[in-house]
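Work through these exercises on side-chain packing. Each task comes with a stepwise solution.

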Amino acid sequence: MKIKNIKEIRGIIEVKTGLHIGGSNDEIKIGGIDNPVIKNPLNNEPYIPGSSLKGKIRTLLEWQFGTMTSDGKPTNIEENDSESAKQIAKLFGNGKTIKDTKLAQEIGPSRVSFGDCGLKNKEELLDKNALTEEKVEVRINRLTGTVDRGGPRHMERVPAGAEFEFSITLMEFENDENLENLLALGMKLLELTNLGGSGSRGYGKIKFKNIEGLSDKFLENKELKSYEDLKKLAGI
């Protein structure tokens with residue numbers, strides 16, 4: 001195998017609704033945050049892990065192409081050798097070591113890597129309020145209309161309006177086809193769903209903007225084209 005090209009795709013992730021990607025909290029104080037967001041330990045600023053982007057985009061593509069496994073694990077092409085599964089495996093990796101030497105050579109290494117996304121507009125957020133917000137949630141008993149046992153939950157979120165810088169590296173080998181199409185479609189699927197936890201409650205709507213490095217055929221005004229357009233380009 002021979003590398004034909006390496007692309008760096010960069011831009012901004014704009015948070016449209018409060019974003020919660022969970023971190024750890026060794027000490028929970030009375031009245032404090034029960035569910036903190038992940039933060040950089042060096043500056044205590046929230047960030048978006050590259051692993052969160054990769055995992056969600058891969059999952060959405062597996063749902064899109066019907067390759068999702070019954071156990072929820074990444075598709076293993078030794079069990080599903082459809083062309084769609086192979087393309088996803090080429091882009092993200094197979095998830096398991098491929099024992100079949102010929103198949104392993106066909107798939108090769110993962111083509112895409114996602115960097116952690118650092119906060120871009122820290123000063124703007126601090127001028128308005130803070131880098132994160134606290135959202136109090138309660139569970140209501142359907143019969144009594146009162147708060148269920150356990151009391152309110154204190155969720156920490158990155159507020160709407162926060163912006164993060166993203167960087168995605170895409171390696172292209174000879175004979176690779178449609179992998180960039182697949183990546184662009186996966187990014188659009190993420191825009192249409194959510195990133196992080198509690199998406200069904202409105203959390204985690206994001207938008208990719210000021211995109212550079214992705215082929216122009218996938219973009220309009222440095223933003224992703226419509227879902228329908230990107231599906232056609234991906235051959236769906």
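Buried means under 20% relative accessible area. The model is predicted.

**Exercise 1.** Classify the pair formed by Phe92 and Phe114, and place it in the chain.

*Solution.*
Step 1. Take the geometry: 6.5 Å centre to centre, with 5° between the planes.
Step 2. Planes under 30 degrees apart count as stacked, so Phe92 and Phe114 form a stacked pair.
Step 3. Locate the rings. Phe92 belongs to helix α2 and Phe114 to strand β2, 22 residues apart.
Step 4. Check exposure: both Phe92 and Phe114 are buried.

**Exercise 2.** Do the same for Phe166 and Phe208.

*Solution.*
Step 1. The centres are 5.2 Å apart, and the angle between the planes is 80°.
Step 2. Over 60 degrees counts as edge-to-face, therefore Phe166 and Phe208 are an edge-to-face pair.
Step 3. Phe166 sits in strand β6 and Phe208 in strand β7, 42 residues apart.
Step 4. Phe166 and Phe208 are buried.

**Exercise 3.** Describe the largest nonpolar core.

*Solution.*
Step 1. Count: this core has 43 residues.
Step 2. Find the residues with the most contacts inside it: Ile13, Ile48, Phe164, Phe166 and Phe208.
Step 3. Assign elements. Those giving two or more residues include β1 (3-15), α1 (50-65) and β6 (163-173). Helix α5 gives the most, with 8 residues.
Step 4. Look at Ile48. Among its contacts are Ile13, Leu53, Phe164 and Leu195.

**Exercise 4.** Which charged residues lie over the ring of Tyr203?

*Solution.*
Step 1. Arg157 lies over the ring face, 4.6 Å from the centre.
Step 2. Arg201 places its charged end over the Tyr203 ring, 5.7 Å from the centre.

Note on methods: Residues are numbered from 1 along each chain as its sequence is written. This is a predicted model: local features need pLDDT of at least 70, side-chain atom pairs count only at pLDDT 80 or more; totals for chains, interfaces and linings use all residues. Side-chain values use heavy atoms; hydrogens and water are left out. A nonpolar core is a set of buried Ala, Val, Leu, Ile, Met, Phe, Trp, Tyr and Cys residues joined through side-chain atoms within 4.5 Å. Buried means under 20% relative accessible area, exposed over 50%, partly exposed in between (1.4 Å probe, protein chains only). Helices (H or I, at least four residues) and strands (E, at least two) are DSSP runs, numbered from the N terminus. Contact means heavy atoms within 4.5 Å. Rings of Phe, Tyr and Trp (its six-membered ring) pair if their centres lie within 6.5 Å; planes under 30 degrees apart count as stacked, over 60 as edge-to-face and the rest as tilted. A charge sits over a ring if NZ of Lys or CZ of Arg is within 6 Å of the ring centre and within 35 degrees of the ring normal. Lists of a residue's contacts leave out its neighbours within four places in sequence.
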